[in-house]
Every structure is written in structure tokens, then in C-alpha cells.
Amino acid sequence: MTSVVSSATRTIRIGSRKSQLALVQTYWVREQLQKSFPDINFEVHTMSTQGDKILDVALAKIGDKGLFTKELELGMINKEIDFAVHSLKDLPTNLPEGLTLAAITERENPADALVVHEKYKDKQIDTLPEGAVIGTSSLRRLAQLRNRFPHFTFKDVRGNLNTRLAKLDAGEYDALILAAAGLQRLGMGDRVHQVIPKEISLHAVGQGALGIECRADDQDLISLLKAIEHPQTRDRCLAERAFLRDLEGGCQVPIGVNTEIVDGNLTLTGVVASVDGQQLVKDTVTGAASNAEALGTELANRLREQGAQEILEQIFTEIQRGS
């Protein structure tokens, strides 16, 4: 087998969704790889995923198994592309047979962000008025915010970032809750009115990081991709993904996390909440970052003992009923 590292002629095909944010992220990965391997030609190939096509239905009601990844994964399996760049929060914790998570890049701020209509530019999330209309398509954000702010009115919002911001500016919403990382990557960091404190909303598993997926048997490519991996981000995200996987949760259920690494020790906090915000269990574990996945499993077991499984089963039942 010819090594991709030594080849002066090989073309490596990168798969990406067609959204503006996905392309910004994919071309950033391409740029980093091109710096390290100038003799390799990296081509970007775009695909539309199911999640890109269905914009009038709440994400949780569609079902989230590979909602933004399946088409790209089929492209890898069929050898139409060599690897795919994902927002890691969209990548299921159980990957199709034959594929692997080869690298995780350095994380942007993983926190959620409050973006407000100009009439509320003097407000923070805890000073918005009763009945304020808050737009979010995330059950995780919805559950945690309902727990803290039951007096708000919550409304689903879909579409790309520009579409959602246009709806906010037109007055359809008083505020939106979005990922700070996405706004930063698209050069819209000035729209971040407030970074939501972790005490109010724990972020999504993998939020702010990019996951690079490829065929598991392509060891040369995996070695190449490791050149842009960020070890601390990898350890944090592996702990988060193990936590989510062991709870058998998906991208669209109310499971939130926060991770920090200090002096080689990883602290992982997790929350599971009911959609109405009435039930919420939360706990924290700390241990060596080298045992990241074991820490995720430990935290999942702790929350399961506190009632997390019952909360999740009720949510899955409600989603299946279409409520």
C-alpha cells in the first residue's frame, strides 16, 4: 500500500455538507492539512444530508441517527470520498461498521450563546421579560432553560444561521440560543450577546469541536489526520461521547455536559433533564484524562442511579408518539 504521507501525487477527497458553516469548517481542515502535507492534493466534495433537506420539522421529531452524517458515511463506505468533516456534536456515538473517528480538532468555545433582538440589547438571559419568545431547535437547551426560566415562551427555529438570525431581526423571536462556536467560525462573533453560563446550560456533547471520520482500515490516512488532532480536546470529547453512548442518548435528547482538564485531571459534569424542565439530574466526576472514556461511563452510571434512565425513556416515548 502506498503511504499517503510520502506520495507526491495522491488526491485525497474530503466530504462535507453543503451548509455555509460546514464548508467553512471543512476548508479550515483542508488548509491545516495542506500546510502539513503540501505535496498532497486535497479536494472538497459536497453532499446534502437528510437534516439539510428537512427544515420544517423539529429535529427531535425526525429522529437523529445520522441525520447530518449518513450520506457522508455512505460516500466513505462506497469510496466516493476518503474522509468527512463533521461538527462533532452531530456525529452519532456509534459509527457504522468499517468507519472510525480518526481525529478531533482543537475546540472553539463550546458554550451556548444568547443572541437578542435589538430591543433587548440591554438585557441578559436572566433579565429578559416574562413571556419572552426564545427560539431554539435543541431539546437539550429547551429542557435546561425551562427548568431555570419557566416564564419564557419557547418556539422551535430551523434553517441555516442566516435564516434564523433574519427571523430574529424581523421580530419573530425575542432571542435565540445558538452555539457560540458556529457564530465565531462564520465571523458573526459580534452577534454573541451573552455566553450562557454553564450553571444555566451545559453544552452539547462534542460542541465546538470538529470530528474527522474515515474508513477504519485506512491506517495511512488515519496517521495523516492525527497531525491536526488536539489531544486535550480529544480527551474531553471522548469522555463526553462515552457518557452519551452509555446513556443511549442521541444528539437530540436533553443531555448536556461540561469538561475541563487541569494538570492532567479531567472533570466531567453531565445533566439529563425532562423536556418540560420539571425533572433534572446532574453530577460530576474527576479523574485522569488518560481514562477519559471510563470517566464518561462512570458519570453515566451515576446519573442512571439518580433516575436519568426513566427520564430518557419517557422522552423517547413522547418523541415516538409525535408529541
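**Buried cysteines and a three-stranded antiparallel sheet**

Cys237 is buried in this predicted model, its relative accessible area being 0%. Cys214 likewise has a relative accessibility of 0% and therefore counts as buried, the limit for this class being under 20%. Zero disulfides are present in the structure.

Strands S11, S12 and S13 form an open sheet in that order, and their pairing is antiparallel. The edge positions are held by S11, which spans residues 255–262, and by S13, which spans residues 280–288. Each of these two strands has a single partner strand, so one of its sides is left without a neighbour in the sheet. From one strand to the next, the twist averages 10 degrees.

Strands of a sheet pair through backbone hydrogen bonds, in either a parallel or an antiparallel manner. Between S11 and S12 (residues 265–273), the antiparallel arrangement comprises eight bridges. Within this part of the sheet, Thr259 stands opposite Leu268 of S12.

Two helices are associated with these strands. Helix H9, formed by residues 231–246, packs on the sheet and touches both S11 and S12. The direction of H9 makes an angle of about 145 degrees with that of S11. Helix H10, formed by residues 292–305, lies across S12 and S13, and runs at about 150 degrees to S13. Strand S12 is thus touched by H9 and is also one of the strands across which H10 lies.

Conventions. Residues are numbered from 1 along each chain as its sequence is written. This is a predicted model: local features need pLDDT of at least 70, side-chain atom pairs count only at pLDDT 80 or more; totals for chains, interfaces and linings use all residues. Side-chain values use heavy atoms; hydrogens and water are left out. A disulfide is a pair of cysteine sulfur atoms within 2.5 Å. Buried means under 20% relative accessible area, exposed over 50%, partly exposed in between (1.4 Å probe, protein chains only). Two strands pair if DSSP finds at least two bridges between them. Helices (H or I, at least four residues) and strands (E, at least two) are DSSP runs, numbered from the N terminus. Axes are lines fitted to C-alpha atoms, for helices over the stretch in contact, and angles run from 0 to 180 degrees between N-to-C directions. Contact means heavy atoms within 4.5 Å.
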